[in-house]
Amino acid sequence: MTQNTFATTYLDTGTIAHLPDRHFIGGSWVEGSSGEKMQSFDPGLATPFGEFALGTAADMDKAIGVAEKGAAHWRGVKPAERCRILNEVARVLRANAERLAFLECVDSGKTLAEAEGDVAGSARLFEYYAGAADKLDGRSVNLGSSHTAFTMREPVGVTGHIIPWNYPTSTFARGVAPALAAGCSVVAKPAETTPYTALVMAALLSEAGVPDGVVNVVTGLGSQAGAAMVSDPRVKQLTFTGSVGTGVAVAQAAAPNVTRLTLELGGKSPLIAFEDCDVAAAIDGAFWAIFSNAGQICSAGSRLLVHRNIRDEVLEGLVARARAIQVGHGLRNPDMGAINSDLHLARIQSHLDSAKARGCDILTGGNATTDPATGKGWFFEPTIIADLASDDPAVQQEIFGPVLSVQVFDSEEDAVRLANGTEFGLVAGVYTRDVGRAMRMASALDCGQVTINDYWAGGVELPFGGNGKSGYGREKGWEGLDAYTKVKSITLSNT
Ligand code: NAD
């Protein structure tokens, strides 16, 4: 059982103290203009546990107006002071890690261990970008002796962040930390099923010294509060994480204002196990690549490409581990938590129903289930579908659940063709002992990140983003600052 004190109270009483039910605008809790609320559900129990404000276009208009003033103030704050405040944010987030991880777990359905990792990663994002705040220098450019020339990196102004439900805390931090380091202000709209951690984090940022109006959060529906944000010309950069369809709608809404845009969309990332790989490591890598966060990860390794000669051994190992997975309420820290909403659970089930109707070979899983301890909640069995053709919908479409599609290959060329054979291009994992092959694959794979012999290798320091329909722009790393800065070139005649 967990040591988290918030969790113990919640599991005993079913209640959560101090759950914010208003927007956070200008450093204060602000009632929504309509007064309407939405219910929030605990996916591990499929029961409501709180209410939050259903934001309107008027609420978003107010937040963006406040953020414009915030941007004007924050860009004038000395970089060294921004650095100090962002380091303080990291400290305050760590001091509140227990509460944040608890809220993230109940709101999203993930396990407490996963939520704790997300909170730690979020603190680390603020720390990393604190170190960047006072290093955003321009450069001196040589135009010859007739002129002096240099560049400056300036903040873009108000930035809008549309947050998804699978990583609410860390996606908030991933966009907000570099935006603040660069001197921008923020308006964030969390997903309608996971509103709380963004609200609590905004309040904690304020406590850490981020001035009023610099970080604002409006909750509500994507089609209302979200749509009002992405079409507003006062927002100068939009950072969107979510589905391809919504990403396209956001790009269309942003186009008339020529608003800068970072799109982090879905994926159908391959994990490629060659004949010469460490088979145990490949099984372990493939297992965590798809079953972490119940597969609700844009960069999940949702396609296993396995060499024909090791196919049986790899699948035998994977199926045994998948069948042993304990699902359950995230607060009890099982192997795998819940699916975030009943709507999404139904989407996953419909993918599997179609696969069954097509006669696909489902080696294990394939159905929705419940927490065995309570008989409640929105869960999906760990699922493996074998020997799929490259044009099968289970290979081409993002299912965004604990569902692994398996394809068999015979040669390196075959593996490259299959790996690059979807419209996505986020991550690819390669398992091989042959260094030359690993490097050839790294160059041939069309995606934003190639990991060799450790699927989840990475960190705050490493840029992340996709090719093709996985989106454009990069987050994290030094490259993550580009979206929030504009380069200005300045020349001076020396005559
Ligand atoms: P979605 O893309 O509709 O929602 C993501 C965010 O966009 C939410 O905050 C939502 O409120 C907001 N949004 C929706 N419509 C908007 C609009 N018109 N303008 C501005 N913001 C808007 O995703 P979903 O419906 O929650 O999930 C559907 C699919 O999205 C999933 O099956 C999965 O494939 C994918 N998804 C991907 C990621 C990722 O990390 N890339 C995250 C969540 C969902």
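This report walks through the overall build, the nonpolar cores, the cavities and one buried valine of a predicted model.

## Overall build

Let's start with the big picture. The protein's secondary structure adds up to 15 helices and 22 strands. Its radius of gyration is 23 Å, close to the 23 Å that the globule rule gives for 495 residues, so the protein is as compact as a globular protein of that length. If you lay the C-alpha trace along its principal axes, it spans about 75 × 65 × 40 Å.

As for what is tucked away, 56% of the 495 residues count as buried. Sequence separation is worth a look too: take the contacts between residues at least 6 apart in sequence, and 74% of them join residues at least 24 apart.

## Two nonpolar cores

In soluble globular proteins, nonpolar side chains tend to be buried together. Here, the largest nonpolar core has 65 residues, and the members that touch the most others are Phe126, Phe172, Leu180 and Val215. Helix H5 (residues 112-133) supplies the largest share of this core, with 11 residues.

Leu180 makes a handy way into the neighbourhood. Setting aside residues within four places in sequence, Leu180 is in contact with Trp74, Arg82, Leu86, Phe126, Val186, Leu205, Val210, Val214 and Val215. Two of those partners, Phe126 and Val215, are themselves on the list of core residues that touch the most other members.

There is also a second, separate core, this one of 56 residues, with Phe291, Leu352, Ala355 and Phe400 among them.

## Cavities

Now for the empty space. Searching the whole structure turns up 4 cavities of 30 Å³ or more, and the largest has a volume of about 70 Å³. Its lining is made of 13 residues, of which Gly295, Ser302, Glu398, Ile399 and Phe400 are the closest to the centre.

By character, that lining splits into 7 nonpolar, 4 polar and 2 charged residues. Phe400 ties two parts of this report together: it lines the largest cavity and belongs to the second core.

## A closer look at Val250

Val250 sits in helix H9 (residues 244-254). With a relative accessibility of 7%, Val250 counts as buried, because the cut-off for that label is under 20%.

Who are its neighbours? Not counting residues up to four places away in sequence, Val250 touches Val230, Leu238, Phe240 and Leu261. For a longer reach, try Arg474: it is 224 residues from Val250 along the chain, and the two C-alpha atoms are separated by 17 Å.

Definitions and conventions. Residues numbered from 1 in each chain as written. Predicted model: local features only at pLDDT ≥ 70, side-chain atom pairs only at ≥ 80, totals over all residues. Heavy atoms only, no water. 1 Å grid on protein atoms, 1.4 Å probe; cavity = no way out; pocket = protein on both sides within 12 Å on 5 of 7 lines; lining within 4 Å. Points joined across faces, edges and corners; volume = space filled by probe spheres on them. Nonpolar A, V, L, I, M, F, W, Y, C, P; charged D, E, K, R; others polar. Core = buried A, V, L, I, M, F, W, Y, C linked by side-chain atoms within 4.5 Å. Buried < 20%, exposed > 50% of the residue type's maximum accessible area, 1.4 Å probe, protein only. Helix = DSSP H or I, 4+ residues; strand = E, 2+ residues; numbered from the N terminus. Contact = heavy atoms within 4.5 Å. Rg over C-alpha atoms; globule rule 2.2 N^0.38 Å.
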